[in-house]
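Welcome! Here is a friendly walk through a structure that may be new to you. Take a moment to look it over before reading on.

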Amino acid sequence: MAIEIKMPALSPTMEEGTLAKWLVKEGDTVKSGDIMAEIETDKATMEFEAVDEGVIAKIIVAEGTDNVKVGTAIALLAEEGEDVASAAASGSRSGDAANAAPKNEPTDHNAPPMPEGAAAAEQESGTQKLVAAAEQEAPASPEIPEGTEMVKLTVREALRDAMAEEMRADDRVFVMGEEVAQYQGAYKVTQGLLDEFGDRRVIDTPITEYGFAGVGTGAAMGGLRPVIEFMTFNFAMQAIDHIINSAAKTNYMSGGQMRCPIVFRGPNGAASRVGAQHSQNYGPWYASVPGLIVIAPYDAADAKGLLKAAIRSEDPVVFLENELMYGRSFDVPKLDDFVLPIGKARIMREGKDVTLVSYSIGVGVALEAAEKLAAEGIDAEVIDLRTLRPLDTKTVLKSLAKTNRLVVVEEGWPTCSIASEITAVVMEEGFDDLDAPVLRVTNEDVPLPYAANLEKLALVDANKVVAAVKKVTYRG
Amino acid sequence: MFPTVAKAPSRTSEPPIPNRERPAEPQPFQATKEQLLDFYKQMLLIRRFEEKAGQLYGLGLIGGFCHLYIGQEAVAVGLQSALDGDKDSVITGYRDHGHMLAYGIDPKVIMAELTGRAAGISKGKGGSMHMFSTEHKFYGGHGIVGAQVSLGTGLAFGHKYSNDGGVCLAYFGDGAANQGQVYESFNMAELWKLPIIFVIENNQYAMGTAVNRASSEDQLYRRGESFRIPGIQVDGMDVLACRGAAEEALAWVRAGKGPVILEMKTYRYRGHSMSDPAKYRSREEVQGVRDKSDPIDHVKRLLEEQGVTEADLKGLEQDIRKTVNEAADFAEQTPEPDVAELYTEVLVERY
């Protein structure tokens, strides 16, 4: 029986890639550890190593093929003693025939184990569902002039462009963090910045979050405009003292004398199958701190327009990105200087029966739920908060006054969450508009489990939103 | 130096890696009579100011935490007198009154901050531990032990980034010297050759814990060795030694050779804060230091040797007392912040 060699997943979030180059040909003998092919993703090129020994009986997917799904059979391997021709012709057994040997594995310093190709393809995890929900295309921001030309950009590119544009405009702006320069960013968000701006302004740090968060904060106090990248916000726990005690309180404590215009940015929230310590939404933590601005964009246009605004702000900003969204493409207006206002929510979809409030990757879930609800005759309005502090409660309350029902969708824990805060605001200021209790649809109140089935159960999804909406609309 | 307190360092011990360039052994500063008088006035102002602050605290006019600088005056005065006020920056922890006074900042606005008044340098919203003067490039006044070391490294990063020729003087205590972020900062400062002088004000006690009860290497000037940062131990009770060490350190840093550590061996006469009963040391220990090593008495003797009369010094003392009393009266009488100030300056911009 020939062994099927399958397209590997080379990172926790990879779903497909380009088979850039075959380094073996049909008839070649390979042994464990031989490099067989080069695989490209949007983040990196990696080498693909053989695990089993045998002869390449057939190459199924030619080099240069784009969008090869993880788990697709790309070649057949005849085992020792097996006839190559018949192996190529015959069926095959599915095997863990190959594994990935990452050359430029873009991940964090606690690298999660590689999911095997077959496993990644067969299991549908909760985060995969989140990503699927984020396929929902948003309407253009109301801030974009009509007739503006749009270009498709990934969230990753949009963030990079925002930093590059602000760095071109203002020499005080610099980027500092782990792997931001030579490595081009652990998640490739800073790709190309070192080449354009040099190592004076794009600075690799040691693994020393507390230290470099303090260095950035001190530099901001001294008059510069640092953009501090955390490889993920999970690691910013090491640095939270400077974000809160040093950066957020400076202006107030000094009676307005000393400012701290700094941006702390990086991926936040659940990533794919990386377990509890790498999967947490810190939005509610930072949003509880006076003196901070907290932004959590959903799509690429917002990522760009809001990051530019964050860098220009005189106040310290926590800018929460989402790793699962980095590779998603959206329309971004082609404007010389596209800056969005901080603190303004956006109506993603108009509706009259119920208001769904969300932010970051949760917006995709809310939009997917709205589609499902539409099929059942329920017309949901979807609000993307965009900024978590200050909260645009006006937009939420105005929508509530129209729909009289509200569900908050949050990829994060329920307790002391943004959802809790919205609920409190609605109780205090929108009570008379409520025809049903506000419901929170959030992740489960547990550390995020690793197992695919448990992860799926733990994370928010559109079906849970649909169920909550049916409750508040009394159509269950 | 303090037989009952500190283990006297062996000044003749070989540096751990002798083949690496090190700053020269600092020489005591040769002060003119005017300079000496100026040091005396500044130190005496800090001493009298702090005594008055202690008094106002006892009267309930100053609240919260209040950390006095009494005994350590020579450090701030000696070091800061060597700085270029137009370029260099200073940052410190919460024991910050002396560092501000050494800049010549009006004692009235400092005392008014201690009493929480609108006229205080932070409009009464910062308090004793959170005072700043960006005009003097004094960046605080920070309440979290050790935070100012990373922040100061960031100020030094800014000096280098802007190529403004400035050096940052970052003060911290023997207690903060055990914080992890201090070493994270040492690493980056040397790696990037940042213009910073790390000043460890070793007053022998981290709150109530003696240095050698908390530090495996209690010769703190050696704490930079594994980062290749040279350290110098300095008699922090001698303002001329402090100034001499600052000159040497500044020459090293301004030459682009990276950071340097100054361990200032000093002593605080009062408790860690006003609420510290100081049971961890004896009255005799404190009295012994006061009698033998007081930094102000030391300069007073030098002045007398230079022919300054008792009457001249008395006149100076009276002027300083008057200044401090005026500051205290002002701090007591000037109004509290307007209640509307509660909500201002949380953010700079409106969103």
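The report below goes from the whole chains to some of their parts.

## The two chains at a glance

Please keep in mind that this is a predicted model. Let us begin with chain A, whose secondary structure comes to 15 helices and 24 strands. Its radius of gyration is 24 Å, close to the 23 Å that the globule rule gives for 476 residues, so chain A is as compact as a globular protein of that length. Along the principal axes, the C-alpha atoms of chain A fill a box of roughly 80 × 60 × 45 Å. Of the 476 residues in chain A, 59% are buried. When contacts in chain A between residues at least 6 apart in sequence are considered, 77% join residues at least 24 apart.

Chain B has eleven helices and eight strands. For its 351 residues, a compact globule would have a radius of gyration near 20 Å, and the 20 Å of chain B agrees with this. The box filled by the C-alpha atoms of chain B is roughly 60 × 60 × 40 Å, again taken along the principal axes. Buried residues account for 54% of the 351 residues in chain B. Among contacts in chain B with a separation of 6 or more, 77% are between residues 24 or more positions apart.

## Domains of chain A

Chain A is divided into domain 1 (2-122), domain 2 (150-333) and domain 3 (346-472). The centres of domain 2 and domain 3 of chain A, taken over C-alpha atoms, are separated by 26 Å. Where these two domains of chain A touch, domain 2 gives 23 residues to the contact and domain 3 gives 20 residues.

On the domain 2 side of this contact, the elements that give two or more residues are helix H9 (283-287), strand S16 (293-295) and helix H10 (300-312) of chain A. By character, the residues on that side divide into 15 nonpolar, six polar and two charged.

## Where chain A meets chain B

The contact between the chains takes 39 residues from chain A and 32 residues from chain B. On the chain A side, helix H6 (209-221), helix H7 (240-248) and helix H8 (250-253) are the elements that give two or more residues. The largest share of that side, ten residues, comes from H6(A). The chain A side of the contact divides into 14 nonpolar, 20 polar and five charged residues.

## The nonpolar cores

The largest nonpolar core has 220 residues, and those with the most contacts inside it are A:Leu356, A:Ala369, A:Val407, A:Val465, A:Val469 and B:Leu262. Domain 2 (150-333) and domain 3 (346-472) of chain A both give residues to this core, so it lies between them. Apart from it lies another core, of 28 residues, with A:Ile3, A:Leu10, A:Val30 and A:Ala57 among them.

What does A:Val465 contact, leaving aside its neighbours within four places in sequence? The residues in contact with A:Val465 are A:Leu356, A:Val365, A:Ala366, A:Ala369, A:Val407, A:Val409 and A:Val441.

## A closer look at helix H11

At 1.5 Å a residue, the 14 residues of helix H11 (residues 362-375) of chain A should span 20 Å, and the end C-alpha atoms of the helix are indeed 20 Å apart. Ten of the 14 residues of H11(A) are buried, so this helix is largely enclosed by the rest of the structure. The buried ones include A:Val365, A:Leu367, A:Glu368 and A:Leu373.

What covers the buried residues of H11(A)? Their cover includes helix H3 (126-133), strand S19 (346-349), strand S20 (354-358), strand S21 (380-384), strand S23 (406-410) and helix H15 (462-472) of chain A. After H11(A) comes A:Gly377, which has a positive phi, near 80 degrees.

## One residue in its surroundings: A:Val318

A:Val318 is found in strand S17 (residues 317-321) of chain A. Is A:Val318 buried or exposed? A:Val318 is buried, because 31 other C-beta atoms lie within 10 Å, and 20 or more are needed for a residue to count as buried.

Leaving aside neighbours within four places in sequence, A:Val318 is in contact with A:Ile243, A:Phe264, A:Tyr286, A:Leu292 and A:Val294. The C-alpha atoms of A:Val318 and A:Met7 are separated by 37 Å, and the two residues are 311 residues apart along the chain.

Technical notes. Residues numbered from 1 in each chain as written. Chains lettered and ligands numbered in written order. Predicted model: local features only at pLDDT ≥ 70, side-chain atom pairs only at ≥ 80, totals over all residues. Domains from an automatic or database assignment. Contact = placed C-beta atoms within 7 Å. Helix = DSSP H or I, 4+ residues; strand = E, 2+ residues; numbered from the N terminus. Nonpolar A, V, L, I, M, F, W, Y, C, P; charged D, E, K, R; others polar. Expected span 1.5 Å × (residues − 1). Buried ≥ 20, exposed ≤ 12 C-beta atoms within 10 Å, placed from the backbone. Core = buried A, V, L, I, M, F, W, Y, C linked by C-beta atoms within 7 Å. Rg over C-alpha atoms; globule rule 2.2 N^0.38 Å.
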